[in-house]
Amino acid sequence: MPLLWLRVALCFYAVGLAYALLALTRRSELLNRIALPAMSLGMVFHFVSLTEAVLLSGHLTAAWVDNSESLLGFVSMVFLVVVYLVYRTSSLGIVVFPIVFLLTFIAATGTQPALFVTPVVKKGWLVAHIALIFTGYAALFLSFGASLLYLAQERRLKSKKPGLLARLPALETIDEIGYRSLLLGFPFMTLGLVAGTVVAQSTYGRVDFLDPKIALSVLMWAVYLVMLYTRWNSGWRGRRAALMATLAFAVAIVAWLANYFSGMHRFISS
């Protein structure tokens, strides 16, 4: 049943994906009016799917690792809704929603992966690690979406043409969304890595920093730190900050893919 509810959610998310794609080509007032309710319903069914997975497995951690892409997509949707409620703009969905749809599609149609861990660490520290890291990932996705919108809006303003993205928020608003996403995501990412270190230490007795997943995660954290440092101390905003966020997103994607071939921290078929 969790898979059924997830596929129902995917159908509603498809409306949001259509909105994201059509927003890049032409205006559609009708689609704009139905996209938000459809995405909201998708979130409801998505939450039901995750909740039922927990109830059926009887173990929170097991359910989370078995639905990793699904959980990450749901957390990203929560962030997207929060941005809408605060800034009253759904423009960020143009970038973030295809990511959410892809994650949900993988979870709804593919074989669910399982995280390769021993039963010893399937406790509080692993729960904390997953929750914190995924929140950091979602915040990074949001920052990446804001960075692309900033670059698109900046280009449109310089060309002095209305363009297809004329209804994007002001540059200052987009920049603020990206910056606040970083401020929110960095502590979650940091604490998530700390929790992951505890898990690795209790499972293997050591932390192998040469492992591709661990090395890339540390690199992603370092890029995260550099982005915040350059904004605080060097005043990097706008275009340079947007390019840094794009780099961080690329590192995050590679770090996520490393889950499938890492020795100490990998996904296997369940």
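Let us start with a yardstick: a residue is buried when its relative accessible area is under 20%, exposed when over 50%, and partly exposed in between, using a 1.4 Å probe and protein chains only. This is a predicted model, in which local features need pLDDT of at least 70, side-chain atom pairs count only at pLDDT 80 or more, and totals for chains, interfaces and linings use all residues. Residues are numbered from 1 along each chain as its sequence is written, and side-chain values use heavy atoms, with hydrogens and water left out.

**Exercise 1. Place M189 and list what surrounds it.**

Step 1: Find the element. M189 sits in helix α7; helices are DSSP runs (H or I, at least four residues), strands are E runs of at least two, and both are numbered from the N terminus.

Step 2: Apply the yardstick. M189 has a relative accessibility of 0% and so counts as buried.

Step 3: Collect the contacts, meaning heavy atoms within 4.5 Å. Once neighbours within four places in sequence are set aside, M189 touches L132, I133, G136, Y137, M220, W221 and Y224.

Step 4: Check a distance. From C-alpha to C-alpha, M189 and S217 are 9.4 Å apart, with their positions 28 residues apart in sequence.

**Exercise 2. Describe the overall architecture.**

Step 1: Count the elements. The protein has nine helices and two strands.

Step 2: Read their order. Starting at the N terminus, the elements go α-α-α-α-α-β-α-α-α-α-β.

Step 3: Look at burial. Of the 270 residues, 50% are buried.

Step 4: Look at sequence range. Among contacts with a separation of 6 or more, 81% join residues 24 or more positions apart.

**Exercise 3. Work out which residues and helices build the largest nonpolar core.**

Step 1: Fix the term. A nonpolar core is a set of buried Ala, Val, Leu, Ile, Met, Phe, Trp, Tyr and Cys residues joined through side-chain atoms within 4.5 Å.

Step 2: Find the best-connected members. The largest core holds 67 residues, and M77, L92, Y137, Y224 and M227 touch the most other members.

Step 3: Assign the helices. At least two core residues come from each of α1 (2-22), α2, α4, α5 (93-109), α6, α7 (171-204), α8 (212-233) and α9. The largest share is that of α6, with 14 residues.

Step 4: Follow one member. Beyond its neighbours within four places in sequence, L92 contacts L80, V83, L142, G145, A146, L149 and I177.

**Exercise 4. Analyse how α5 packs against α6.**

Step 1: Take the geometry. The two axes come within 8 Å and cross at roughly 140°; axes are lines fitted to C-alpha atoms, for helices over the stretch in contact, and angles run from 0 to 180 degrees between N-to-C directions.

Step 2: Classify the angle. Under 35 degrees is roughly parallel, over 145 roughly antiparallel, 65 to 115 roughly perpendicular, and the rest oblique. The helices α5 and α6 are therefore oblique to each other.

Step 3: Name the residues. On α5 the contact uses V95, V96, I99 and L103, and on α6 it uses F141, L142, F144, G145, L148 and L149.

Step 4: Sort them by class. This contact has nine nonpolar residues, one polar and no charged ones. Here Ala, Val, Leu, Ile, Met, Phe, Trp, Tyr, Cys and Pro count as nonpolar, Asp, Glu, Lys and Arg as charged, and the others, Gly among them, as polar.

**Exercise 5. Classify two aromatic pairs.**

Step 1: State the rule. Rings of Phe, Tyr and Trp (its six-membered ring) pair if their centres lie within 6.5 Å; planes under 30 degrees apart are stacked, over 60 edge-to-face, and the rest tilted. This rule gives 10 aromatic pairs.

Step 2: Take F47 and F74. Their pair is tilted, at 6.0 Å centre to centre and 35° between the planes. Because F47 lies in helix α2 (residues 29-57) and F74 in helix α4 (residues 68-87), the pair ties together parts 27 residues apart in sequence. F47 is partly exposed at 48%, whereas F74 is buried at 13%.

Step 3: Take F144 and F249. This pair is stacked, at 3.8 Å centre to centre with 5° between the planes. F144 belongs to helix α6 (residues 124-159) and F249 to helix α9 (residues 238-257), so the pair ties together parts 105 residues apart in sequence. Both F144 and F249 are buried.

Step 4: Widen the view. Ring pairs join Y137, F141, F144 and F249 into a cluster.
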